[in-house]
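I opened this entry to note what I looked up in the structure. The points follow in the order I checked them.

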Amino acid sequence: LTAAAAAKAGFEVQTQPYTICQVHILDRNGTIVPALGDVRVRQAMNYAIDRKAVAAALYGDKGIPNWQSSLPGADSWSDTLVNYYPYDPEKAKKLLAEAGYANGVTIPMIAYNLQPGETDAAAAIVSEWSKVGITSPITIPVSFGDFAGKYKQMPTMMFFYGVLPMYIMGS
């Protein structure tokens, strides 16, 4: 990581959380992938993710596992959502089986590096899902135009949100 190399070279490293990495479920009604219309499948997708391991793999000690679209200290942060979906692959498998997908389900994802690292994050999430029987082929568009033309046809999408105040992000 760049921060580790800078610290090793003697620089003082200061960090500020900048982005939130999320999977958007665009097909909650199950129009494209019928399984997504079942809340148990969507819950299984959440229980299948070891957020601590994914954050560490992607960002080292700078990554913060999160269960919401906010960061600690922000007005929209809720302490009640911390660890809302704890990592529980057995529960994920059980929910998939109850929903009729004991033999697995395929849920495609689109990931475009609008911000660096989105495709890496998508691969990490897909790897987690695969452990419980969710196969998720990733479509990686070659341009923003390609992305804009495809994302509405996809049931899930990897997306990063910048969460710094606008006056900082706009600088």
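Leaving aside neighbours within four places in sequence, which residues is Met-158 in contact with? The model I am reading is predicted. In it I found Met-158 in contact with Cys-21, Gln-22 and Val-23. The list goes on with Met-109, Ile-110 and Ala-111, and it ends with Glu-118, Ala-121, Ala-122 and Ile-125.

Next I looked up the nonpolar cores. The largest has 29 residues. Met-158 is among those with the most contacts inside it, together with Val-41, Ile-107, Trp-129 and Ile-134. I noted that helices H2 (39-47), H4 (89-98) and H5 (118-130) and strand E6 (156-162) each supply at least two residues of this core. H5 gives the most, with six residues. A second, separate core has six residues, including Ile-110, Phe-147, Met-154 and Phe-159.

Then I went to helix H4. I listed its buried residues as Ala-92, Leu-95 and Leu-96. Seen down the axis of H4, they fall within an arc of 100 degrees, so they line one face of the helix. On the other side of H4, Glu-90 and Lys-94 are exposed. The buried residues of H4 pack against H2, strand E2 (105-106) and strand E4 (134-135). Gly-100 follows H4, and its phi is positive, near 95 degrees.

Last I checked Leu-58, which lies in helix H3 (residues 51-59). Is Leu-58 buried or partly exposed? Its relative accessible area is 21%, so I entered Leu-58 as partly exposed; buried would mean under 20%. Leu-58 and Gly-117 are 59 residues apart in sequence, yet 8.3 Å apart in space, C-alpha to C-alpha.

Technical notes:
Residues are numbered from 1 along each chain as its sequence is written. This is a predicted model: local features need pLDDT of at least 70, side-chain atom pairs count only at pLDDT 80 or more; totals for chains, interfaces and linings use all residues. Side-chain values use heavy atoms; hydrogens and water are left out. A nonpolar core is a set of buried Ala, Val, Leu, Ile, Met, Phe, Trp, Tyr and Cys residues joined through side-chain atoms within 4.5 Å. Buried means under 20% relative accessible area, exposed over 50%, partly exposed in between (1.4 Å probe, protein chains only). Helices (H or I, at least four residues) and strands (E, at least two) are DSSP runs, numbered from the N terminus. Contact means heavy atoms within 4.5 Å. The arc is that of the directions from the helix axis to the C-beta atoms.
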